[in-house]
Amino acid sequence: KFLLSLSPQERQLVSDSRALYRTAPLIDHPVDANRLISGTTLSPVHIVDWIDIRCPHCKHLEEALAEIRQTTPANSWSEEGRHFPLDSECNPNIERSDNTHVACLAAKVLICLGGSPKGRQVRAAYFQKQGQLTVDRIWDIAAADETQRHKLESCVDSSETAAMLQGDIDLAMQY
């Protein structure tokens with residue numbers, strides 16, 4: 001009924017989109033349980049999102065997905081959070097940098113907190129405070145005390161975290 005209600009041009013767009021989807025190469029990448037924002041690795045529908053914590057479109061997507069999470073059955077779908085900072089400081093596919101270090105630092109902090117309820121809380125707080133994020137505010141939100149901050153700083157500065165961020169960027173470029 002829906003398709004029949006569309007104009008011929010709209011039906012053609014749907015048909016063209018479906019053809020593109022069906023002929024696109026399959027990118028077989030396992031679900032990373034440590035990156036799940038919601039759902040489980042066994043959820044029947046899996047969404048992978050790539051974000052820059054400063055991106056207003058990413059914030060709108062997060063708000064929409066939060067509404068969907070509240071209205072759909074538990075584990076009916078999963079969301080895997082990945083990072084694509086829009087800053088040349090840590091993303092070689094981007095030609096500009098604002099030299100604030102915010103996008104790259106936030107991505108690394110969220111990678112380090114991945115798979116934990118704290119990570120989901122920090123992600124939500126970063127989006128909520130999006131317009132006011134600074135390096136200091138990122139640390140204040142993520143680490144309640146000096147002990148937590150030192151542990152998190154060690155993870156953020158590690159080569160493993162840098163490799164995970166580059167892996168996110170590389171995977172995003174495949175899509």
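The exercises below deal with the empty spaces and nonpolar cores of a predicted model.

**Exercise 1.** Describe the largest cavity by its volume, its lining and the elements that contribute to that lining.

*Solution.* Begin with the count: the structure holds 2 cavities of 30 Å³ or more, and about 140 Å³ of space lies in the largest of them. Next, turn to the lining, which is made up of 16 residues, with Arg35, Ile37, Leu110, Gly114 and Gly115 lying nearest the centre of the cavity. Two or more residues of this lining come from each of strand 1 (36-38), strand 3 (77-83), helix 4 (102-112) and helix 5 (117-128). Finally, sort the lining residues by character, which gives 5 nonpolar, 7 polar and 4 charged.

**Exercise 2.** Find which element gives the most to the lining of the second largest cavity, and state how the residues of that lining divide.

*Solution.* The second largest cavity holds about 40 Å³ of space. Its lining consists of Ile51, Asp52, Ile53, His83, Pro85, Ala103, Ala106, Ala107 and Leu110. Assigning these residues to elements shows that helix 4 gives the most, with 4 residues. By character, the lining divides into 7 nonpolar, 1 polar and 1 charged. Leu110 belongs to this lining and is also among the residues nearest the centre of the largest cavity.

**Exercise 3.** Identify the residues that line the largest pocket and classify them.

*Solution.* The largest pocket has a volume of about 300 Å³. Tyr21, Ala24, Pro25, Leu26 and Ile27 line this pocket, together with Gln174 and Tyr175. Classification of these residues yields 6 nonpolar and 1 polar, with no charged residue in the lining.

**Exercise 4.** Work out which residues have the most contacts inside the largest nonpolar core, and which elements contribute to this core.

*Solution.* As background, nonpolar side chains in soluble globular proteins tend to be buried together. The largest nonpolar core here has 20 residues, and those with the most contacts inside it are Ile53, Val109, Tyr126, Ile138, Ala142 and Leu152. Helix 4, helix 5, helix 6 (135-142) and helix 7 (146-156) each give two or more residues to this core, and helix 4 gives the most, with 6 residues. To follow one of the core residues further, take Ile138: when residues up to four places away in sequence are not counted, Ile138 touches Val102, Leu105, Ala106, Val109, Tyr126 and Leu133. Apart from the largest core lies another core, of 9 residues, among them Phe84, Cys90, Leu165 and Ile169.

Key: Residues numbered from 1 in each chain as written. Predicted model: local features only at pLDDT ≥ 70, side-chain atom pairs only at ≥ 80, totals over all residues. Heavy atoms only, no water. 1 Å grid on protein atoms, 1.4 Å probe; cavity = no way out; pocket = protein on both sides within 12 Å on 5 of 7 lines; lining within 4 Å. Points joined across faces, edges and corners; volume = space filled by probe spheres on them. Nonpolar A, V, L, I, M, F, W, Y, C, P; charged D, E, K, R; others polar. Core = buried A, V, L, I, M, F, W, Y, C linked by side-chain atoms within 4.5 Å. Buried < 20%, exposed > 50% of the residue type's maximum accessible area, 1.4 Å probe, protein only. Contact = heavy atoms within 4.5 Å.
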